[in-house]
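Me: I have a structure here and would like to go through its labels one by one. Could you help me see where each comes from?

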Amino acid sequence: MKRSIELKSGIHIPVIGFGTFKIPEGEVTFNAVLQALKTGYRHIDTAEFYGNEASVGKAIAVSKIDREELFVTTKVWNSNHGYKQTLQACKESLSRLNLDYLDLYLIHWPKLL
């Protein structure tokens with residue numbers, strides 16, 4: 001089985017990711033993500049709306065896996081749509097995750113402005 005798919009940009013995205021929806025912020029998320037990384041997951045999916053980005057980031061840091069080996073996705077929530085709001089929300093997500101960059105930043109739930 002393929003571990004990743006190469007996108008036209010040349011970036012590889014793992015075919016299986018670990019989602020953190022409904023995992024509460026704190027020790028539960030930290031332990032779940034850390035265990036997922038230890039068992040081989042390299043794609044971690046979170047979102048501003050989930051409220052657990054800080055614990056995801058802490059687990060990534062503690063794992064000591066090179067950042068380049070990971071594929072991290074997060075999402076902007078409806079209340080932060082729009083150019084300036086989205087840029088600010090992205091900066092805040094990066095701060096909570098304690099990361100310099102994201103591999104994928106999605107609109108969580110598209111809506112008409």
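Reply: Happy to; below we take the salt bridges and burial in turn, bearing in mind that this is a predicted model.

Me: What makes the pair Lys75 and Asp45 a salt bridge?

Reply: Their side chains meet at 2.7 Å, N to O, and the cut-off is 4 Å between a side-chain nitrogen of Lys or Arg and a carboxyl oxygen of Asp or Glu. The pair therefore qualifies. Lys75 lies in strand E5 and Asp45 in strand E4, so the pair ties together parts that are 30 residues apart in sequence.

Me: Why is Lys75 called buried?

Reply: Its relative accessible area is 9%, and buried means under 20%, so Lys75 fits the label. Asp45, at 17%, is buried as well.

Me: How do you know that Lys75 and Tyr50 share a polar contact?

Reply: Their side chains are joined at 3.5 Å, and the limit is a pair of N or O atoms within 3.5 Å, so this pair counts.

Me: What makes Arg96 and Glu53 a salt bridge?

Reply: The closest N and O atoms are 2.6 Å apart, and the limit is 4 Å, so the label holds. Arg96 lies in helix H3 and Glu53 in helix H2, so the pair ties together parts that are 43 residues apart in sequence.

Me: Why is Arg96 called partly exposed?

Reply: Arg96 has 34% relative accessibility, and partly exposed lies between the 20% and 50% cut-offs, so the term applies. Its partner Glu53, at 2%, counts as buried.

Key: Residues numbered from 1 in each chain as written. Predicted model: local features only at pLDDT ≥ 70, side-chain atom pairs only at ≥ 80, totals over all residues. Heavy atoms only, no water. Buried < 20%, exposed > 50% of the residue type's maximum accessible area, 1.4 Å probe, protein only. Polar contact = N/O pair within 3.5 Å; in protein donor to acceptor, adjacent residues only side chain to side chain. Helix = DSSP H or I, 4+ residues; strand = E, 2+ residues; numbered from the N terminus.
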